[in-house]
Amino acid sequence: ICNGYQSLVDRELDGIAYTSFYATSKCVTDRSYIKELSHVLDEYQYAVIHFNNGLHSLDTDRGEWEAALRQTIKTLREKGKGAKLVFATSTPLRDPALTVKAQELNAIALRVMKEEGIPVNDLFALMDPQDRSLWSDTFHYHEAGRAMQAKQVGTVIQGLLPSVPVAQPGPAAGE
C-alpha cells in the first residue's frame, strides 16, 4: 500500500522534510525481515518512522505475528537513532473476508501500540467507509484513494517532526 502513496507523501512534505521508504512483501515473521530492516536503519537517520506490516501477514499465525511485531518495534527503537515512531493500521480490502483478517491484525497491533506508547495513524478508518470503487484490485487503490492516504500520512508525519523556528523577516532596506 505504501508503494502506492509514497510518492504522493513526498509531495505532501515537499519543502518540509526529506522522505524515503522501505517496502517489502515480507511478513514481519520472515526470517530475513529484521536483517533487511536493520540494514536500512543502519544506513540512514530518520526523524519519524511511519511503519506497518499487515496485509502480507493476513494468513500468519497471530501469536507469531505479535511476537515479530514486538521484535520489529524493538529493532526500530534500538537502531532508529531516536526517531519518533508511528504505526499505520492496515487498510481494508475489497474482499470482506480478507478485511476481517486485516481487522484481526489491526486489533493486535492497536493493543501492542498502546502498550508500547506508539501513536497510530488509522488508515483503516480512513478507507473503510469509502466507496469500494477506489480499489484498483483486492488490495490496492486508484489515484484518488492513494491521494487520501498520502494526505493523512503527510499530516501525521508533519505533526511528529521536530519544530523548526521560523526565521523572522528583517527590516526592509532603508528602515
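This tour moves from the whole chain to its sheet, its aromatic pairs and a few single residues.

**The whole chain**

The model is predicted, so local features need pLDDT of at least 70 and side-chain atom pairs count only at pLDDT 80 or more, while totals for chains, interfaces and linings use all residues. Residues are numbered from 1 along each chain as its sequence is written, and side-chain values use heavy atoms, with hydrogens and water left out.

Begin with the entire protein in a cartoon view. Six helices and three strands are present; helices (H or I, at least four residues) and strands (E, at least two) are DSSP runs, numbered from the N terminus. Their order from the N terminus is α-α-β-α-β-α-β-α-α. The C-alpha trace spans about 70 × 40 × 25 Å along its principal axes.

Next, colour the chain by accessibility. Of the 175 residues, 39% count as buried; here buried means under 20% relative accessible area, exposed over 50%, and partly exposed in between, with a 1.4 Å probe and protein chains only. The accessible surface of the protein is about 9,900 Å², and carbon and sulfur atoms hold 52% of this surface. These areas come from the Shrake-Rupley method with a 1.4 Å probe, and for residues only the protein chains shown count as cover.

Contacts (heavy atoms within 4.5 Å) may be considered at the same scale. Among those with a separation of 6 or more, 76% are made by residues 24 or more positions apart.

Then select the charged side chains. There are 18 positive and 22 negative ones, and the centres of the two sets lie 4 Å apart. Lys and Arg count as positive and Asp and Glu as negative, whereas His and the chain ends are not counted. Each charge is placed at NZ of Lys, CZ of Arg, CG of Asp or CD of Glu.

**The sheet**

Select the three strands, which form an open, parallel sheet in the order β1-β2-β3. Strands β1 and β3 (120-121) are at the edges with a single partner strand each, so one side of each has no neighbour in the sheet. Two strands pair if DSSP finds at least two bridges between them. In general, strands of a sheet pair through backbone hydrogen bonds, either parallel or antiparallel.

Four bridges link β1 and β2 in the parallel sense, and one of the partnerships is that of Phe51 with Phe87 in β2. Two bridges join β2 to the parallel strand β3. There, Phe87 has Val120 as its bridge partner.

Now show the side chains of β1. Val48 and His50 on one side, and Ile49 and Phe51 on the other, are all buried; both faces of the strand are thus covered.

**The aromatic pairs**

Two aromatic pairs occur in the structure. Rings of Phe, Tyr and Trp (its six-membered ring) pair if their centres lie within 6.5 Å; planes under 30 degrees apart count as stacked, over 60 as edge-to-face and the rest as tilted.

Select Phe51 and Phe87, an edge-to-face pair with 5.3 Å between centres and 75 degrees between planes. Phe51 belongs to β1 (residues 48-51) and Phe87 to β2 (residues 84-88), so the pair ties together parts that are 36 residues apart in sequence. Phe51 is buried at a relative accessible area of 10%, and Phe87 is buried at 1%.

Move on to Trp135 and Tyr141, whose ring centres are 4.6 Å apart with planes at 40 degrees, so this pair is tilted. Trp135 is buried, at 1%, as is Tyr141, at 3%.

**Three single residues**

Select Leu76 in helix α3. Leu76 is buried, with 4% relative accessibility. Beyond residues up to four places away in sequence, Leu76 touches Leu37, Leu41, Ile49, Phe51 and Leu85.

Go next to Leu13, in the loop between α1 (2-12) and α2 (33-43). Leu13 is buried, with 1% relative accessibility. Its C-alpha atom is 6.2 Å from that of Gly154, although the two residues are 141 apart along the chain. Apart from neighbours within four places in sequence, Leu13 contacts Thr19, Gly154, Ile157 and Gln158.

End at Lys81, in the loop between α3 (62-79) and β2. Lys81 is partly exposed, with a relative accessible area of 40%. Its phi is near 55 degrees, a positive value in a residue other than glycine. Most residues other than glycine have a negative phi.
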